[in-house]
Amino acid sequence: MKYQVAIIGGGPAGYTAAEAAGKAGMSVVLFEKDKLGGVCLNEGCIPTKTLLCSAKIADHSKEGNKFGVKVGDVDIDLPKVIARKGKVVRKLGLGIKAKMEGVGVTIVTGEAKINDAHSICCNDEVYECDNIIICTGSKTFIPPIDGIENVEYWTHKEALENKEPLRSLIIIGGGVIGMEFASFFNSLGTDVTVIEMLDEILGPIDNEISSLLRAEYTKKGVKFILSAKVTKLANEVDGISVAYKVDGEERQLSANKVMMSVGRRPSVDLLGLDFLNLNVDRRGTIIVDEHLETSCKGIYACGDINGRSMLAHTAVREAEVAVANIIGKQDRMNYDAIPSVVYTNPEVSCVGKSEEELVIDGVEYKTFKLPMSYSGRFVAENEGLNGMCKLLTDNDDKIIGVHILGNSSSEFIIAANIAIEQGMHLEDFKRFCFSSSYSE
Ligand SMILES: Cc1cc2nc3c(=O)[nH]c(=O)nc-3n(C[C@H](O)[C@H](O)[C@H](O)COP(=O)(O)OP(=O)(O)OC[C@H]3O[C@@H](n4cnc5c(N)ncnc54)[C@H](O)[C@@H]3O)c2cc1C
């Protein structure tokens with residue numbers, strides 16, 4: 001069996017690459033060891049956003065009175081929420097399968113292993129190919145904490161399947177995933193504590209915005225322990241105890257459940273990369289150039305596996321760039337213009353450089369800030385929530401970063417994304433006529 005393109009992994013990177021190559025008339029084989037759609041569809045973006053949608057409806061209902069809408073007791077039917085999530089995932093999964101079939105992609109279910117630059121083995125069959133695109137994604141990193149092997153901790157996977165009311169939850173790691181789950185369980189009425197090793201939540205996101213989000217969630221009752229290193233986990237009668245070190249002092253906290261959310265690592269197990277001698281970094285992420293090509297000609301690596309941005313829409317764009325290069329079209333990745341959204345309530349949406357990054361890079365910049373109360377739509381749709389829009393330019397007024405706290409920033413961050421992608425200056429941006437709710 002010989003194919004022009006062989007793709008390993010059927011997540012957003014893999015299925016996008018397969019579709020693009022199939023549409024270009026190439027013969028394509030796609031290997032997936034689990035479910036089409038990858039982490040994003042089956043246990044990541046889609047399931048979390050589905051649960052967060054239910055949580056948002058519950059939050060709105062609880063606040064209905066402030067908007068002149070009387071709602072009785074709000075009761076979240078968790079088994080139904082989880083069942084709906086399953087339905088959404090199945091529906092979208094069928095759509096991906098239909099797309100693959102529509103462009104003639106051969107789907108092989110099984111764990112693929114690279115033999116050499118032009119051959120892959122799966123289910124004891126050998127598949128010859130001209131090009132390989134590695135799209136094997138990433139998996140949850142579990143840090144070597146003392147006692148961790150003896151406790152039944154959750155990762156996002158277990159948290160997504162929980163159908164029981166939960167009294168208390170400690171989330172270890174206050175990054176995007178940790179905060180989205182903090183938001184969900186807070187809406188369910190769970191007593192949530194987030195323990196974060198850094199001095200602010202949300203990792204690389206602009207610190208001022210992150211601290212404003214933390215303040216919003218503190219008001220909602222979520223507790224945050226920052227600059228704290230978890231040192232030990234142990235079982236208790238009705239849960240797990242978490243020992244951590246903060247300000248040089250050992251402290252302890254207990255909860256019914258503990259969720260680990262400290263980051264993700266590339267999925268390279270059993271892939272056979274050793275034979276290829278690809279350039280990888282110390283975490284095993286595959287190093288690629290702006291065309292997504294690895295150090296081995298004809299082998300590309302797209303999505304989480306290259307560790308550049310670990311977002312589904314980046315994976316999609318990278319796959320398009322890789323396939324364009326395989327078919328001889330000029331295309332390249334621009335990592336400066338990738339939006340990222342935290343689907344908390346309120347949402348956080350960012351694109352471009354943060355102030356912290358600009359300081360580290362030694363770039364001079366100007367800051368323009370507006371409270372979200374300048375936005376008619378924000379004021380009309382929010383009661384008692386604060387927000388901020390921060391725009392960063394270089395000294396020539398070129399837009400280099402936009403960071404927003406507030407609903408529905410996930411929708412209008414796209415305009416800022418286009419401005420950065422197109423290298424726009426403030427004057428260019430101001431000439432656009434936006435619909436009135438966004439224009440402020
Ligand atoms: C809880 C959570 C929430 C998230 N929310 C968002 C969000 O809101 N927005 C966003 O942009 N991103 C989000 N992400 C990140 C997003 O899921 C990833 O960036 C995205 O899935 C990466 O796509 P990928 O194609 O690189 O890899 P994956 O989606 O990880 O797919 C890789 C696939 O490769 C398969 N595979 C691996 N090895 C082999 C092998 N040897 N043979 C065959 N198949 C193999 C795996 O089974 C998997 O299906 C979230 C992640 C998590 C965990």
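The largest nonpolar core of this predicted model holds 61 residues, and Ile-171, Ile-172, Ala-182, Val-258 and Met-259 make the most contacts inside it. Helix H6 gives the largest share of this core, 7 residues. A second, separate core has 53 residues, including Val-28, Ile-96, Leu-292 and Val-316. In soluble globular proteins, nonpolar side chains tend to be buried together.

Val-258 illustrates the packing in the largest core. Leaving aside neighbours within four places in sequence, Val-258 is in contact with Tyr-153, Trp-154, Ile-170, Ile-172, Leu-233, Ile-240 and Val-242.

An open sheet of 4 strands is arranged in the order S10-S9-S8-S14, with parallel pairing. Strand S10 (223-225) and strand S14 (257-260) are its edge strands, each pairing on one side only. On average, neighbouring strands of the sheet are turned by 20 degrees against each other, direction ignored. Strand S9 (residues 191-195) and S10 run parallel and are joined by 3 bridges; in S10, Ile-225 is the bridge partner of Ile-195. Helix H6 (residues 176-188) lies across strand S8 (168-172), S9 and S14, and runs at about 165 degrees to S9.

The ligand has 36 residues around it, of which Gly-9, Gly-11, Gly-38, Gly-137 and Gly-303 come nearest. By class, the shell divides into 16 nonpolar, 14 polar and 6 charged residues. Several elements each supply at least two residues of this shell: helix H1 (12-23), strand S2 (28-32), helix H2 (38-43), helix H3 (45-62) and helix H8 (312-326).

Some backbone features lie in loops. The table lists cis peptide bonds and positive phi values at residues other than glycine.

| Residue or bond | Feature | Angle |
|---|---|---|
| Asn-345 to Pro-346 | cis peptide bond | omega near 15 degrees |
| Asn-407 to Ser-408 | cis peptide bond | omega about 0 degrees |
| Ser-227 | positive phi, not a glycine | phi about 50 degrees |
| Met-310 | positive phi, not a glycine | phi about 55 degrees |

Pro-346 sits in the loop between strand S17 (340-342) and strand S18 (348-352). Ser-408 belongs to the loop between strand S21 (399-405) and H11. The loop that contains Ser-227 links S10, an edge strand of the open sheet, to strand S11 (228-236). Ser-227 counts as partly exposed because 13 other C-beta atoms lie within 10 Å. Met-310 is found in the loop between strand S16 (299-301) and H8, and helix H8 is among the elements that supply at least two residues of the ligand shell. Met-310 has 19 C-beta neighbours inside 10 Å and is therefore partly exposed; a residue would need 20 or more to be buried.

Helix H11 (residues 409-421) contains Ala-415. Is Ala-415 buried or partly exposed? Ala-415 counts as partly exposed, because 14 C-beta neighbours lie inside 10 Å. Ala-415 and Phe-429 are 14 residues apart in sequence, and their C-alpha atoms are 9.1 Å apart in space.

Definitions and conventions
Residues are numbered from 1 along each chain as its sequence is written. This is a predicted model: local features need pLDDT of at least 70, side-chain atom pairs count only at pLDDT 80 or more; totals for chains, interfaces and linings use all residues. A residue is near a molecule or strand if its C-beta atom, placed from the backbone, lies within 6 Å of it. Ala, Val, Leu, Ile, Met, Phe, Trp, Tyr, Cys and Pro count as nonpolar, Asp, Glu, Lys and Arg as charged, and the others, Gly among them, as polar. Two strands pair if DSSP finds at least two bridges between them. Axes are lines fitted to C-alpha atoms, for helices over the stretch in contact, and angles run from 0 to 180 degrees between N-to-C directions. Two residues are in contact if their C-beta atoms, placed from the backbone, lie within 7 Å. A nonpolar core is a set of buried Ala, Val, Leu, Ile, Met, Phe, Trp, Tyr and Cys residues joined through C-beta atoms within 7 Å. A residue is buried if 20 or more other C-beta atoms lie within 10 Å of its own, exposed if 12 or fewer, and partly exposed in between; C-beta atoms are placed from the backbone.
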